[in-house]
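Dear colleague,

Please find below the structure that I agreed to hand over to you. My notes on what was found in it follow directly after.

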Amino acid sequence: MAIKGCILPWIHMHGNMRGEYKACCFSDTFYSKFSLGDSTQSVMDVWHGEEYKNLRKTFLDGKVPEQCYEVCFRKEELGVIENPKNNANNFWSHKEYLQKTLTPPPPPYIDFRLGNTCNFRCRTCSPAASTAWIREGKLFSIEGKKEEQWDNDLFWEGLDLIYPKLEVIYFAGGEPLVLEQHYKILEYLISKNKTDINIQYNTNLSILKFKEYDLVSLWKQFKKVNLWTSCDGYKEVTEYVRKELVWEDFESNIDMVKPYVTSISSVVSILTIYSMPDLLLWGKKKNIPIFGTTLVNPPSISLQVLPTEEKQKIMRYYKNFIETHKKDLHISDIKHMSDWLRYMNGEIKDREKLERIFKKNTGILDRNRNENFTAIVPQLADWYDGIKLS
């Protein structure tokens with residue numbers, strides 16, 4: 001039996017920072033209208049509820065749920081092999097038998113975004129996912145507030161029901177390492193002797209100690225810990241994209257917890273496309289894989305916004321990079337880069353409007369932060385300077 005569509009609705013629960021259940025973190029955007037339930041409902045009532053059943057049935061009927069198309073199925077149509085659906089299906093292929101039912105047993109894999117508390121102001125983010133962004137959000141007429149929806153009785157009662165069968169817990173944010181509930185969950189699992197699981201993170205790795213908690217001491221008690229550390233581009237580029245990141249501190253922390261570092265996760269966008277090759281080479285020196293995901297939202301920062309002539313320049317840049325460093329690159333590196341370029345060469349609706357939005361928003365942040373996009377990405381200076389805002 002081959003997996004139909006995506007295996008995640010049979011093995012995985014995602015709860016976002018606003019207390020809503022969604023198909024997965026990739027299908028969830030701040031404007032997403034597709035909810036499977038919320039934090040006012042019990043975990044198992046949601047898991048066996050009509051919304052989840054309908055999502056599963058859609059896949060079994062050979063259809064694509066609307067919220068899943070752009071982030072996975074459209075990428076696949078463009079020839080992008082590395083996408084969340086394929087990665088999940090490969091990792092969880094042994095669970096395909098669960099697709100025989102619309103009411104599977106408790107999920108072995110959970111991803112609850114415990115809050116939007118974060119100490120970074122990434123240019124691809126917003127107040128919805130970072131409390132550090134709230135003040136600057138007002139520059140864009142975006143209101144924000146601190147969100148912590150899952151620290152309630154229903155959540156803990158649900159965890160009591162599902163923890164015995166858990167195999168994977170994924171922590172992201174906000175920034176999980178500055179969210180106290182994350183530490184409470186680790187201590188809860190330790191108290192239940194449920195340490196034979198895989199603890200996974202997407203983290204900026206800016207701290208290793210929080211209040212009275214020592215992360216490494218906690219991690220040592222679990223069977224497996226995987227860190228997918230976030231870094232968008234190399235050195236000054238990632239410092240520009242991920243405001244508050246200091247490259248020397250980031251690299252130092254990577255070295256301190258290297259046994260736990262599975263890969264560096266990077267968002268591939270207009271901001272980072274020219275810097276990604278340098279990050280790949282740095283990863284080679286550190287013996288750490290670099291995993292790039294092409295940005296879909298916000299669309300104004302997507303590679304697809306670039307005009308054809310800029311895309312052609314990028315294609316030549318990558319061709320020269322691969323020819324120059326082919327001895328250093330693994331075939332998987334070349335496949336990843338090819339995926340980024342395939343996605344880049346796809347079309348996007350309202351391209352010229354989106355590039356104006358990109359310049360307007362970038363200019364607002366540059367002025368507020370005393371930064372300069374064209375100094376950080378000089379390869380795109382002519383395109384950027386040529387965008388007319390009126």
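In this predicted model, helix H15 covers residues 351-369. Its 19 residues, at 1.5 Å a residue, should span 27 Å, and because its end C-alpha atoms are 27 Å apart, the expected and computed values agree. Several residues of H15 are buried, among them Leu354, Phe358, Ile364 and Leu365. Charged residues also appear in the buried group, including Glu355, Lys359, Asp366 and Arg369. The buried residues of H15 pack against two strands, E5 (121-122) and E11 (242-243). They also pack against helices H6 (134-137), H10 (236-241), H16 (373-376) and H17 (381-386). Just after H15 comes Asn370, with a positive phi of about 55 degrees.

The next topic is the sheet. An open sheet is formed by 9 strands, in the order E3-E2-E1-E4-E6-E7-E10-E12-E13, with mixed pairing. At its edges stand E3 (37-38) and E13 (290-294); each has a single partner strand, so one side of each is left without a neighbour in the sheet. As a general point, strands of a sheet pair through backbone hydrogen bonds, either parallel or antiparallel. Strand E4 (residues 109-112) and strand E6 (residues 168-171) pair in the parallel sense, over 2 bridges. In one of these, Ile110 has Ile169 of E6 as its bridge partner. Helix H8 (residues 180-191) lies across E6 and strand E7 (198-203), and runs at about 165 degrees to E6.

Ile169 appears again in the largest nonpolar core, which has 111 residues. Ile169 is among the residues with the most contacts inside this core, together with Leu189, Ile199, Tyr201, Leu227 and Phe373. In general, nonpolar side chains of soluble globular proteins tend to be buried together. What does Tyr201 contact, leaving aside its neighbours within four places in sequence? Its contacts include Tyr170, Phe171, Leu186, Trp219, Leu227 and Trp228.

Finally, how many disulfides does the structure hold? The number is 0. The cysteine sulfur closest to that of Cys24 belongs to Cys25 and is 5.4 Å away, which means that the two are too far apart for a bond; a disulfide requires sulfur atoms within 2.5 Å. Likewise, Cys25 is in no disulfide. Cys24 counts as buried because its relative accessibility is 10%, while Cys25, at 24%, counts as partly exposed.

Yours sincerely

Conventions:
Residues numbered from 1 in each chain as written. Predicted model: local features only at pLDDT ≥ 70, side-chain atom pairs only at ≥ 80, totals over all residues. Heavy atoms only, no water. Buried < 20%, exposed > 50% of the residue type's maximum accessible area, 1.4 Å probe, protein only. Helix = DSSP H or I, 4+ residues; strand = E, 2+ residues; numbered from the N terminus. Expected span 1.5 Å × (residues − 1). Contact = heavy atoms within 4.5 Å. Pairing = 2+ DSSP bridges. Axes fitted to C-alpha atoms, helices over the stretch in contact; angles between N-to-C directions. Core = buried A, V, L, I, M, F, W, Y, C linked by side-chain atoms within 4.5 Å.
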